[in-house]
Amino acid sequence: VAIGRDALYGTSTTSANINGCVAIGYNSLKAITTGVACVAVGHSSQIVGATTDYNTSIGHESLRFNVSGDLNTAVGYRSQYGDGGVSHSVNTSVGSNSLNVVTSGEANVAIGVHSGAALNDEDNNAYVGAYSARYMFGDGNVAVGKDALMGATFTQGSCSYNDDPTI
């Protein structure tokens, strides 16, 4: 199913390789040539993804630069936006600019506006709360609460929560 200008555009000659994909919005899933059960809703959502399976993106430019990563869920404006030519898999992000610059990181969860926004090639992180781990780098970190680990950088295996009720 394609609704919107240039939605599923890449399938014009290879539609046999697309199975159960839905693209709603200008340029959504534009470059896809091979894919299974992909859902892209929003202007330029998954625009660069050429060979992707089981990705779901809802929001303007969500999962924009993920070329071949699978099993991602991105909800919100520029959620998992990425950088040109990236492939990341098994990430979940909910919130505007969450996991915004992820490139090759895997198995990350970011819930909240700007949560994990600077993470790029790190793995196995969990961030919950607005701005949690916003500038964080490293693998295996957990941040819970607004601004938790927001200013931490180059850390591995950290755990933090914010229990300040005034924030």
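**Exercise 1.** Which residue lies over the face of Tyr9, and at what distance from the ring centre?

*Solution.* Start with the ground rules: this is a predicted model, where local features need pLDDT of at least 70, side-chain atom pairs count only at pLDDT 80 or more, and totals for chains, interfaces and linings use all residues. Residues are numbered from 1 along each chain as its sequence is written, and side-chain values use heavy atoms, with hydrogens and water left out. Next, the test: a charge sits over a ring if NZ of Lys or CZ of Arg is within 6 Å of the ring centre and within 35 degrees of the ring normal. Now look at Tyr9: Lys30 lies over its face, 5.7 Å from the ring centre.

**Exercise 2.** Find the aromatic pair and describe its surroundings.

*Solution.* Step one is the rule: rings of Phe, Tyr and Trp (its six-membered ring) pair if their centres lie within 6.5 Å, and planes under 30 degrees apart count as stacked, over 60 as edge-to-face and the rest as tilted. That gives one aromatic pair. Phe65 and Tyr81 form it, edge-to-face, at 5.2 Å centre to centre and with 90 degrees between the planes.

Step two is location. Strands (E, at least two residues) are DSSP runs, numbered from the N terminus. Phe65 is in the loop between β7 (56-58) and β8 (73-75), while Tyr81 is in the loop between β8 and β9 (92-94), 16 residues apart.

Step three is exposure. Buried means under 20% relative accessible area, exposed over 50%, partly exposed in between (1.4 Å probe, protein chains only). Both Phe65 and Tyr81 are buried. Tyr81 has a charge over its ring too: the charged end of Arg78 sits 4.5 Å from the centre.

**Exercise 3.** In what order do the strands of the three-stranded open sheet come?

*Solution.* Two strands pair if DSSP finds at least two bridges between them. The order is β2-β4-β6, with parallel pairing. At the edges are β2 (18-19) and β6 (51-53), each pairing on one side only. Strand β4 (residues 34-36) is joined to β6 by three bridges, and Gly35 stands opposite Thr52 in β6.

**Exercise 4.** Is Arg134 buried or partly exposed?

*Solution.* Find Arg134 in the loop between β11 (126-128) and β12 (142-144). Its relative accessible area is 22%, so Arg134 is partly exposed. Leaving out residues up to four places away in sequence, Arg134 touches (heavy atoms within 4.5 Å) several residues, including His114, Leu149 and Met150.

Technical notes: Helices (H or I, at least four residues) and strands (E, at least two) are DSSP runs, numbered from the N terminus.
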